[in-house]
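Me: Hey, could you walk me through this fold? I'd like to go piece by piece.

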Amino acid sequence: MSAPSNALPSPDDVRSLLRGVIDPELGSDIVELGMVKGVDVGEDGHVTVTIALTTSGCPLRAQIQRDVRTRVASHPGVTSVKLDWTEMTQAEKSRAMEKARFNVSQRDEDTAIGPTTRVVLVASGKGGVGKSSVTANLAAALADRGLKVGVLDADVWGFSIPRMLGVSGRLEGRVEGNRKVMLPIERKIGAGVVRIVSMGFLVEDEETALMWRGLMLNRGVQHFLQDVEWGDDLDYLLVDMPPGTGDVQMGVAKLVPRAEVIVVTTPAVGAQKVAIRAVSMARKSFLRVAGVVENMSSFTDNHGEAHALFGTGGGQTLADDAGVPLLGQIPIEPLVSAGGDAGEPEVLGTSPAAQAFRDLADRLVTEAVPPAELAGCSARMLEMAMAALDADDAATAAGA
């Protein structure tokens with residue numbers, strides 16, 4: 001018999017969740033850096049986490065606190081979260097410094113995603129709910145705000161992001177050292193830019209069928225995460241996930257444990273019942289579910305009367321069941337579909353759907369998944385790690 005969904009987490013479960021909390025300047029999780037000094041789980045679901053900072057006045061404290069709370073609170077058995085603070089000893093700081101230096105030296109073996117990039121997986125329980133449309137319009141809205149946004153089209157079989165964002169071409173690459181990296185195709189939108197990678201850039205045309213099994217699918221997405229030059233200045237990476245809970249989803253969760261998940265559903269009860277599985281899989285993979293988006297909420301005719309073509313309440317019900325916020329409700333409008341077909345995301349227009357997408361972007365940036373806040377408490381350590389690594393490289397070259 002499986003444990004109930006609201007069973008208390010063990011201290012190890014909490015530590016696993018905390019591996020998704022990344023120090024944005026050192027680029028490693030707070031467990032690996034030795035910042036998690038203790039975890040206590042009470043019988044009433046109250047969790048106390050003790051965090052050691054590099055300095056007591058660390059400006060990153062607010063961001064770490066927010067990330068720890070949201071990650072730990074995502075476990076259904078947790079009723080409240082309390083943080084206690086302490087400061088690292090000099091020896092602990094030295095060990096963290098050594099870990100940062102080692103991670104820098106091993107960066108090629110990790111993903112190519114910068115440590116300050118917020119990764120958002122746009123997921124759904126089933127196809128046909130408009131997940132790709134939400135991804136494309138959200139990316140355009142964020143770029144229009146002046147942000148640098150990556151879009152990884154991980155829906156390998158059903159890729160549609162290139163058409164929806166109005167880009168085409170073939171992925172190019174260049175050699176860096178002993179490896180070849182791929183360059184995403186860019187489109188400037190407003191004051192920002194969208195960088196896109198899709199299997200659609202590797203096939204002859206959009207109608208080509210990819211007959212790949214699980215291992216090949218995973219390997220293809222892995223290349224997109226590890227061998228694409230996304231850029232260290234990327235603010236967000238949106239991953240358009242395939243529908244369901246299969247191989248690609250598990251592979252991405254393993255490669256990007258700090259990712260946040262947004263689940264897209266329609267108002268239909270049937271869609272909501274399937275979408276809850278995406279929530280369950282995310283949590284079993286120790287990913288934080290940031291919220292729910294209800295797409296195709298209703299259609300408003302020329303007389304101003306709203307018609308719930310796909311039912312009502314599915315998005316709010318899913319959000320309530322998952323214990324997360326309903327981030328947005330996108331109405332049914334022909335302009336959204338037409339914009340996707342023409343490569344001009346409707347969010348750049350003036351319709352009610354465009355405003356709903358802009359509101360969704362606002363909530364993402366201000367509440368659900370805010371951009372990383374850079375500060376100086378660990379920047380010096382990272383600079384020292386980089387300088388030490390550069391010095392080693394120079395010494396090696398001189399000795400050669």
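Me: Which strands does helix H1 lie across, and at what angle does H1 run to E1?

Reply: Quick note: this is a predicted model, where local features need pLDDT of at least 70, side-chain atom pairs count only at pLDDT 80 or more, and totals for chains, interfaces and linings use all residues. Residues are numbered from 1 along each chain as its sequence is written, and side-chain values use heavy atoms, with hydrogens and water left out. Helices (H or I, at least four residues) and strands (E, at least two) are DSSP runs, numbered from the N terminus. Helix H1, residues 11-18, lies across E1 and E2, and its angle to E1 (0 to 180 degrees between N-to-C directions of axes fitted to C-alpha atoms, for helices over the stretch in contact) is about 130°.

Me: And which strands does helix H2 touch?

Reply: Contact here means heavy atoms within 4.5 Å. Helix H2 (residues 61-73) packs on the sheet, making about 145° with the direction of E3, and the strands touched are E2 and E3.

Me: What is the strand order in the open sheet?

Reply: Strands pair if DSSP finds at least two bridges between them. E1 (36-41) and E3 (80-87) each have a single partner strand, so they stand at the edges. The pairing is mixed, and the order is E1-E2-E3.

Me: How many bridges join E2 to E3?

Reply: E2 covers residues 46-53 and runs parallel to E3. Thr 50 stands opposite Asp 84 in E3. The number of bridges joining E2 to E3 is eight.
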